[in-house]
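Here is a short note for anyone opening this structure for the first time. Please keep the sequence and the 3D view side by side while reading.

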Amino acid sequence: MAFPERFSNLPDYAFPRLRKLLDAYAPGGEPIAMTIGEPRHAMPDFVGPILAANLSGFGVYPPNEGTPELLATISGWIARRYDVTVAEDRLMALNGTREGLFNACIALCPETKNGRKPVVLMPNPFYQVYAVAALTVGAEPVYVPATAATGFLPDYASLPKDVLDRVALAYICSPANPQGAVASADYLADLLALAEKHDFRVLADECYSEIWRDAPPPGLLQVAAGQGADPERVLVFHSLSKRSNLPGLRSGFVAGGPQCMARIRQLRSFAGAPLPLPLQRVAEAAWADEDHVKASRALYHRKFSDADRILSGVQGYQPPGGGFFLWLPVEDGEAAALKLWRETGVRVLPGAYLSREVGGENPGKGYIRVALVATPEETQRGLTLLRDCLYR
C-alpha cells in the first residue's frame, strides 16, 4: 500500500532522536534534564479545588470554541496585557497551542497563491509543527535563517520578490524558541507592512510571552492595533503551559480577525479536540490570576542571573530576552550533548534537531539548547557542570 510522500523527508522528532543519541550510554553523574521545555515550577494552588468542584463536567461534551466565561476571561486578559479589545467571536480556546498552530494553517492556507504553489515562511531553527503544517496543506515550507547575524529573528524582507509573492502564511515566535530573542514593536510593524505589501497572514506564536527579563515583550495584536493593520492579517497563539506551569492542561487560545476565526472555528467543529469542561474552568481561573505568573517569573529571573554569572566567560554567550532556553554555541551540538551526558549526566538538546539544512548549512548545528525549567538549585548545578565540561 502507498503512503503519502509529503512527509517522507521528515527527520525523527527531536526527543526520539535524542534518545537514540544518548540512551546507549550511561550518564556520567546523577541525571539532570535540561532538554524539554516542560516547566517544573509549582502549578497554581487553585487547580485541584477547581477540578474537584467541576468533575461532573467530564460527563458532558464541552463547547468546542470555549465556554463564554473562558472567552470573556481571555478577552479581559488581552485587554490588560496589551491594551487591545478583542471580541469573543475573535477568540477560540485550543487544546494547546501546537494544535492551534497546526490547524490554523489547514484552515487558512489557500491551495494556490498568485497561480502558484503557496509558500509558508518559518524561522530556522523553529518549533517543528510549523513545517508539518505547511507540508500537510501541500505548501512549500521556506526555512529562513534566524541566526546571530539577524538578531536570532528571521529577516523575511530579504527574500526574493518571487518568493514573497507566493507567501500565504508566515510563522513568527517571540520570545523565540530556541534562542530567546524578543521581536521589537518595530520588527513586528515591519513584518505587518511586508505582509500587507505581499498579501499574506502572520501567525504569531507568543506562548513564552510572560517569561521575560527586562520588559514585557510586545505582542502582534498590540502592534497591529496601533498601526491600524487589517485584523485578518494577524493570528496570535497563547498558552498556559509556560505562563502558568500547566503543560499537561493542554490549554491555549488563538485570536484573529473575524473571517479567519470563523474558518478556524468551522474546521475545528469537524476535526478539533475541544478542551474538557473542567479544564476550561481551570483555564478561566489561570487567565484571571497574575500572582502565580509573577512568582514563577521571579524564579526564572533568579535562574537567568545564575546563568549570566556561571557562563559569563563563555565566548558567544547571549542572555535570552525572554522564554526559558539558553542557546549556547559549541563546535558541534550532537558531539557536545553526547560528551556532556557521558561525563556529567546533564542532558541537553543538539540545536540541529530544531533546524533544517538549507544550502548545505544547518543553522543549529553549532549550538545546544538548554532548558532552565528545573529548580534554581538544580539549574545552577547543571549549568556549572555544563560550563566545566564544555568550556574549560
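The points below go through the sheets and the helices that pack on them.

1. The model is predicted. Keep that in mind throughout.

2. Start with the seven-stranded sheet. Its strands follow the order β2-β8-β7-β6-β5-β3-β4. The sheet is open, and its pairing is mixed. At the edges stand β2 (91–94) and β4 (140–145), each of which pairs on one side only. On average, neighbouring strands here are turned by 20° against each other, direction ignored.

3. Next, look at the β4 edge. Strand β3 covers residues 119–124 and runs parallel to β4. Six bridges join the two. One pair to find is L121 with its bridge partner V142 in β4. Helix α5 (residues 129–136) packs on this sheet. The helix touches β3, β4, β5 (167–173) and β6 (201–205). Its direction makes about 165° with that of β3.

4. Now turn to β6. How many of its five residues are buried? Four are, so to speak of β6 as mostly covered is fair by the under 20% accessibility cut-off. β5 and β6 run parallel and are joined by five bridges. C173 has D205 in β6 as its bridge partner. Between these two strands the chain passes through helix α7 (residues 185–198). This β-α-β crossover is right-handed.

5. On to β7, residues 234–239. β7 runs parallel to β6, with four bridges between them. V202 stands opposite V234 in β7. Here too there is a β-α-β unit: β6, helix α8 (residues 220–227) and β7 make it, and it is right-handed.

6. A three-stranded sheet comes next. It is open, with the order β9-β12-β11 and antiparallel pairing. Why do β9 and β11 each have one side without a neighbour in the sheet? β9 (325–329) and β11 (349–350) stand at the edges and have a single partner strand each, so one side of each is left without a neighbour.

7. Check the β11 pairing. Two bridges join β11 to β12 (residues 367–371), and the strands run antiparallel. P350 has I368 in β12 as its bridge partner.

8. Finally, look at the helices on this sheet. Helix α13 (residues 333–344) packs on the sheet and touches β11 and β12. Its direction makes about 50° with that of β12. Helix α14 (residues 376–390) also packs on the sheet, touching β9 and β12. For α14, the angle with the direction of β12 is about 165°.

Notes: Residues numbered from 1 in each chain as written. Predicted model: local features only at pLDDT ≥ 70, side-chain atom pairs only at ≥ 80, totals over all residues. Heavy atoms only, no water. Pairing = 2+ DSSP bridges. Axes fitted to C-alpha atoms, helices over the stretch in contact; angles between N-to-C directions. Contact = heavy atoms within 4.5 Å. Buried < 20%, exposed > 50% of the residue type's maximum accessible area, 1.4 Å probe, protein only. Right-handed = clockwise from strand over helix to strand, strands pointing away.
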